[in-house]
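User: I am new to this structure and would like a close look at a single part of it, the largest pocket. Please describe its lining and the helices around it in one connected account.

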Amino acid sequence: EVYGNTNPKWLRFREWLMSDAPQWFFEFYMKHGERIAAWLKRNPWAKPAIRIWMDSRIRSMEKHELVLKEAV
């Protein structure tokens, strides 16, 4: 809901969620994600703050990938 289905950032966030997210967050997201998305649809004012956080998770994953690539 934050990025929209066609934004590639959604796929990158999902990649972070499946590979790098803490287990507690993954479980929380899987349990409550649809309900939170429905809430965000009704409250779009909250999307920018959540998008900032989601972008930061994508950046952290990309930095980690870059470090691994340079180590090879």
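Analyst: The account below begins with the pocket and then turns to the helices that line it. The model is a predicted one. Its largest pocket has a volume of about 420 Å³. A total of 19 residues line this pocket, and those nearest its centre are Trp10, Tyr29, Gly33, Ile36 and Ala37. Three elements each give two or more residues to the lining: helix H1 (8-19), helix H2 (23-42) and helix H3 (47-71). The largest share, nine residues, is supplied by H2. In chemical class, the lining consists of 14 nonpolar, two polar and three charged residues.

Two of these helices, H1 and H2, also pack against each other, at an angle of about 125° and with their axes 9 Å apart. Because of that angle, H1 is oblique to H2. On the H1 side, the contact is formed by Trp10, Phe13, Arg14, Trp16, Leu17 and Met18, which meet Phe25, Phe26, Tyr29 and Met30 of H2. Nine of the residues in this contact are nonpolar and one is charged, while none is polar. Trp10 and Tyr29, which take part in this contact, are also among the residues nearest the centre of the pocket.

H1 is further linked to H3 by a salt bridge. The structure holds four salt bridges, and one of them joins aspartate 55 to lysine 9, with the closest N and O atoms 3.4 Å apart. Aspartate 55 belongs to helix H3 and lysine 9 to helix H1, so that distant parts of the chain, 46 residues apart, are linked by the pair.

Definitions and conventions:
Residues are numbered from 1 along each chain as its sequence is written. This is a predicted model: local features need pLDDT of at least 70, side-chain atom pairs count only at pLDDT 80 or more; totals for chains, interfaces and linings use all residues. Side-chain values use heavy atoms; hydrogens and water are left out. On a 1 Å grid over the protein atoms alone, a cavity is a set of points where a 1.4 Å probe fits but cannot get out, and a pocket is an open set with protein on both sides within 12 Å along at least five of seven lines; lining residues have an atom within 4 Å of a point. Grid points are joined across faces, edges and corners, and a volume is the space filled by probe spheres set on the points. Helices (H or I, at least four residues) and strands (E, at least two) are DSSP runs, numbered from the N terminus. Ala, Val, Leu, Ile, Met, Phe, Trp, Tyr, Cys and Pro count as nonpolar, Asp, Glu, Lys and Arg as charged, and the others, Gly among them, as polar. Axes are lines fitted to C-alpha atoms, for helices over the stretch in contact, and angles run from 0 to 180 degrees between N-to-C directions. Angles under 35 degrees count as roughly parallel, over 145 as roughly antiparallel, 65 to 115 as roughly perpendicular and the rest as oblique. Contact means heavy atoms within 4.5 Å. A salt bridge is a side-chain nitrogen of Lys or Arg within 4 Å of a carboxyl oxygen of Asp or Glu.
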